[in-house]
Amino acid sequence: MDVGTILQFTLDVLNLGSLYALMALGLVVIYGILKLVNFAYGELVMVAGYTLYLLNGSPLPWLIMALVAVCMAVIGGITTDLVAFRPVRANSLTAMLITSFAFSTLLQNAALLFISPRARNVPLPEIFTQSVTMLGVIIPVRNLITIASAFILLGAFTLVMKRTVLGMALRAAASNFTMARMVGIPANFIITVAFAISGLFAGVVAMLWLGRIGAVVPGIGLEPLLVAFIACVIGGMRSLVGAVVGGYLLALIDVSFNYALPPDLLSFRDAFTFTMVIVILLLRPSGLIKGPDTGKRT
Amino acid sequence: MKNIPAIFTGLLAASVLMAASVAVAEDEIFIGGALSLTGVQAPLDEPGLKGAEVAVKYLNDRGGILGKQVKFENIDGKSDPVTVGNNAVDLIDRGAQLIVAPCDFDFGGPAGREAQKSGLVGISTCASDPLYSSWSLGDKQFTLSMWNTTMGAAAAEYAFNERGWKTAYVVTDQFIAYTKSLSKYFVEHFEAIGGTVLADDAYTQGDQDFSAQLARLRGLESQPDVIFISSYMPDLATIIRSIREVGITSPIMGGDSYDDPGLWEALGETFGSDVYFITHTWMGSEAHPEMDQFIAAYQEFYGSAPDTSFVATGWDTIMLMAQAVEIAGTTDGEAVAAALEGNEFSLLTGTLSYSSAEEGHAPDKSAVLVGLSEGKPSFMGWRRPENPPAP
């Protein structure tokens, strides 16, 4: 294997892994506090996508449009909490699971009804169509932007979680919710913040994910949700670091199989990927990064 | 648990059956549809339904079929084969005389089978897999679409005969029968007329990642003259963009899934050049003298112009039914099927004649070639491959 191929492979893994890691992190932020997989998470990607579509043709520069779209995803995240979770939070996990499905279906059907079941175009900045050459390998600039924005976002998130009062409150709520409330952390507020952060990740992912396609469809959120869920399971549902590790690992598995399998077997790639996932889970039943023995998250 | 809905459906069907004789008026022809307005099938079925509704109004304004008014009712098939089948049963019980089936073998098949059981003619708006045949569904079932054999062959002939492209690189999306069989027939015909397929790579819908395939494509000893991609939106846009992003300018070809303004805009001025595809029709009078009339009727009905040429498949399905019923003089399944088998029809989606039921009701149909330049489509004429591969 020459240097070019290795570089190409590494960048492909990092690029896809960055997206997967961000998606997984958005899911696990909520899981940590509510112990619930938010199945309406994928629809936040959709909301950001359609916001971008609706802004298409407006005189705003792309960055502003993207900012508005990310904000809409954040608002979407907060709305999910207010509409689908808070009213039933006192009941049971099952109730929340059902409402999250219902909210997801509602949003998807709204897009089907009010916009169209067919693909709609989203505006993309000029830089997303350019590429650079490194060691004889042509690399789309968008891939480099994806990797960079993931690193920046992950770094900023780590800082917030480790250094700020808000981050500490979030971590406290995740590790022992009742105790956190007893020391005066406002429960509703902290959960809403978690949903807002989740929306932020979904929004950023949407910009980078749609940047590959150039279009949005009502079912666009399904794949990100699935990927995020698998990455969390591999990495460990109770660990933020686990979600990130899971995301990059899933990308490594996917891309490796894509490179290595002959075309005849490539049609069954998902079977290979999920076999790997099962093997990982057999060896480490609670994911790669286990979280503390208390059963709570750190 | 699973039996409960079935029992309910049964009860419902029984009660409806009793009322059936009263439900359909004597001076009415009832066409039932089971097209999906929600779920994965919606992007293909929704335009078909819109076109069909315009056709029904158009017919009724001009005296209907056999002097009777046409009643058309569609029940959302929800992209679920079982629901589609149940809807067809429901419609037939209420007196439907003809059935419009969804645009795909997996989803349309159940409606076709129910129509067949009741001795009615069923036509799918755009199922193109050769599985949608009288062999698998029965002697009164048809599809309006050309088969993938024609679609693949027309693409191969354009590439090899008209443009002299000798080598091809093929990408096949592994998700549905349509994408797999389209590639298969393209490869078969391209090799039969003398072309060479350098590689046939696989892709999975939903991956949104074409990097490994791209690495293989660029690793080929000689670059292909043409790249044939059988996939559909939204991943189709990702694949083409990924190829163009790294500076590969080879022409790209595909089938009717490219016939989507969403794709053209996603490719835009930068990447939307030298892309050619075989599809059902073209929204302009160059394709058919009556096209403008249809577009005007559509615009009047919905207040906006059609956003995809797939609307023509719905219009044509109803018009084909109308013409066949007029020839047969009745809506009786046997007579209408005979009329469909024995005549050639001039439709917005091309001239169409069917082979006999023993030969599968293979549609002998012309196809449209469209080319993209800077994201703008242009009509490149009708094509009718001489010897499309056998299914």
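**Exercise 1. A tyrosine in helix α10**

Task: Locate A:Tyr259 in the predicted model and find which residues A:Tyr259 touches.

Solution.
Step 1. A:Tyr259 is part of helix α10 of chain A. The model is a predicted one.
Step 2. A:Tyr259 has 18 C-beta neighbours inside 10 Å, so A:Tyr259 counts as partly exposed. The buried class would need 20 or more, and the exposed class 12 or fewer.
Step 3. Leaving out residues up to four places away in sequence, A:Tyr259 touches A:Phe9, B:Ala212 and B:Ala215.
Step 4. In sequence, A:Tyr259 and A:Phe9 are 250 residues apart, yet their C-alpha atoms are 8.4 Å apart in space.

**Exercise 2. The contact between the chains**

Task: State how many residues each chain gives to the contact, and describe the side of chain A.

Solution.
Step 1. Chain A gives 31 residues and chain B gives 33 residues.
Step 2. Several elements of chain A each supply at least two residues of the side that touches chain B; among them are α1 (3-34), α8 (187-213), α10 (240-260) and the strands β1 (120-121) and β3 (137-140).
Step 3. Sorted by class, this side of chain A has 15 nonpolar, nine polar and seven charged residues.

**Exercise 3. Helix α2 against helix α8**

Task: Describe how α2(A) and α8(A) pack, using the angle and distance of their axes.

Solution.
Step 1. Two packed helices are described by the angle between their axes and the distance between the axes.
Step 2. For α2 (residues 41-55) and α8 of chain A, the angle is about 55° and the axes are 8 Å apart.
Step 3. Angles of 35 to 65 degrees fall outside the parallel and perpendicular classes. α2(A) and α8(A) are therefore oblique to each other.
Step 4. The crossing of α2(A) with α8(A) is right-handed.
Step 5. From α2(A), the residues in contact are A:Tyr41, A:Leu44, A:Val45, A:Ala48, A:Gly49 and A:Leu52. Their partners in α8(A) include A:Ser198, A:Gly199, A:Ala202 and A:Trp209.
Step 6. By class, this contact has 11 nonpolar, four polar and no charged residues.

**Exercise 4. Helix α2 against helix α9**

Task: Repeat the description for α2(A) and α9(A).

Solution.
Step 1. α9 of chain A covers residues 222-235. Its axis lies 7 Å from that of α2(A), at an angle of about 140°.
Step 2. An angle must be over 145 degrees to count as roughly antiparallel. The angle of about 140° therefore makes α2(A) oblique to α9(A).
Step 3. α2(A) passes α9(A) in a right-handed crossing.
Step 4. A:Tyr41, A:Gly42 and A:Val45 of α2(A) meet A:Leu222, A:Pro224, A:Leu225 and A:Ala228 of α9(A).
Step 5. Six residues of this contact are nonpolar, one is polar and none is charged.

**Exercise 5. Helix α3 against helix α4**

Task: Find the angle, the distance and the residues in contact for α3(A) and α4(A).

Solution.
Step 1. α3 (residues 62-85) of chain A packs on α4(A) at an angle of about 125°, and the axes are 9 Å apart.
Step 2. The two helices are therefore oblique to each other, and their crossing is right-handed.
Step 3. α3(A) contributes A:Thr80, A:Val83, A:Ala84 and A:Phe85, while α4(A) contributes A:Met96, A:Thr99, A:Ser100 and A:Phe103.
Step 4. The classes are five nonpolar, three polar and no charged.

**Exercise 6. The buried side of helix α13**

Task: Which residues of α13 of chain B are buried, and what do they pack against?

Solution.
Step 1. In α13 (residues 333-342), the buried residues are B:Gly333, B:Val336, B:Ala337 and B:Leu340.
Step 2. These residues cover an arc of only 100° around the axis, so they are on the same side of α13(B).
Step 3. An α-helix has 3.6 residues a turn, so residues three or four places apart point the same way.
Step 4. The buried residues pack against β4 (121-124), β5 (141-143), α12 (311-328) and β12 (350-354) of chain B.

**Exercise 7. Backbone exceptions**

Task: Give the phi of A:Leu135 and of B:Lys78, and the omega of the bond joining B:Met233 and B:Pro234.

Solution.
Step 1. Most residues other than glycine have a negative phi, and most peptide bonds are trans.
Step 2. A:Leu135 has a positive phi near 50°. A:Leu135 sits in the loop between β2 (131-134) and β3 of chain A, and is exposed, with 12 other C-beta atoms within 10 Å.
Step 3. B:Lys78 has a positive phi of about 55°. Its loop runs between β2 (69-74) and α3 (81-93) of chain B, and with 18 C-beta neighbours inside 10 Å B:Lys78 is partly exposed.
Step 4. The peptide bond between B:Met233 and B:Pro234 is cis, with omega about 5°. B:Pro234 is in the loop between β8 (226-230) and α9 (235-245) of chain B.

Note on methods
Residues numbered from 1 in each chain as written. Chains lettered and ligands numbered in written order. Predicted model: local features only at pLDDT ≥ 70, side-chain atom pairs only at ≥ 80, totals over all residues. Contact = placed C-beta atoms within 7 Å. Helix = DSSP H or I, 4+ residues; strand = E, 2+ residues; numbered from the N terminus. Nonpolar A, V, L, I, M, F, W, Y, C, P; charged D, E, K, R; others polar. Arc of directions from axis to C-beta. Axes fitted to C-alpha atoms, helices over the stretch in contact; angles between N-to-C directions. Parallel < 35°, antiparallel > 145°, perpendicular 65-115°, else oblique. Left-handed = near helix turned anticlockwise from the far one by under 90°.
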